[in-house]
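Reader: I'd like a close look at a single part of this one, please. Take your time and walk me through it.

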Amino acid sequence: MAGRKSRDKGYRQTEEEFQCAVIDYAHFNGWKVAHFRKAMRKDGSYVTPVQADGKGFPDLLMVRQGRIVVAELKSMGRKPTLEQRAWLEAFTDTEKVEAYWWRPDDEDWIEIERVLRAFTNTISS
């Protein structure tokens with residue numbers, strides 16, 4: 001799979017590495033992907049510039065063939081914030097957007113592959 005690291009004992013994939021791997025896999029399967037990068041402030045801290053209710057917006061917004069998927073990505077041991085959970089719930093409530101919280105573990109990679117896998121529709125005449 002594109003972007004996956006080897007399974008050396010003790011290796012923990014960072015959230016940024018995981019995000020790159022998910023984006024690579026999504027692109028490989030034909031998804032359009034949006035991610036809004038953080039910017040560094042003068043004091044050296046990072047912030048994602050958003051307005052209105054943007055705090056906690058999911059890491060990835062992906063679109064393909066009429067489907068919309070949003071995903072919050074976390075490294076192992078981390079959980080979404082209250083604002084992130086509120087966004088995931090708001091998307092889920094629309095019943096038009098699939099919303100997920102994924103971590104870089106085998107169980108979540110199985111789900112990522114299932115959700116983002118490209119299906120070929122063949123029409124025979």
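How many bridges join strand β1 to β4, and do they run parallel or antiparallel?

Author: Keep in mind that this is a predicted model. Three bridges join β1, residues 32-34, to β4, and the two strands run antiparallel. To find the pairing by eye, look for A34, which sits opposite L61 of β4.

Now go along β4 itself, residues 60-64, and watch the side chains switch faces. L60, M62 and R64 point to one face and are buried, whereas L61 and V63 point to the other face and are not buried.

β4 also pairs with β5, residues 67-73, through five bridges, and this pairing is antiparallel too. Here R64 is across from R67 of β5. The connection is a hairpin with two residues between the strands, and Q65 in that turn has a positive phi of about 45 degrees.

What about the helix that packs here? That's α3, residues 106-116, where D108, W109, I112, V115 and L116 are buried. These buried residues are on the same side of α3, because they cover an arc of only 125 degrees around the axis. As a rule, an α-helix has 3.6 residues a turn, so residues three or four places apart point the same way. Flip to the other side of α3 and you'll find E107 and I110, both exposed.

As for what the buried residues of α3 pack against, the list includes β4 and β5, along with α1 (15-28) and β6 (98-102).

Conventions:
Residues are numbered from 1 along each chain as its sequence is written. This is a predicted model: local features need pLDDT of at least 70, side-chain atom pairs count only at pLDDT 80 or more; totals for chains, interfaces and linings use all residues. Side-chain values use heavy atoms; hydrogens and water are left out. Buried means under 20% relative accessible area, exposed over 50%, partly exposed in between (1.4 Å probe, protein chains only). Helices (H or I, at least four residues) and strands (E, at least two) are DSSP runs, numbered from the N terminus. Two strands pair if DSSP finds at least two bridges between them. The arc is that of the directions from the helix axis to the C-beta atoms. Contact means heavy atoms within 4.5 Å.
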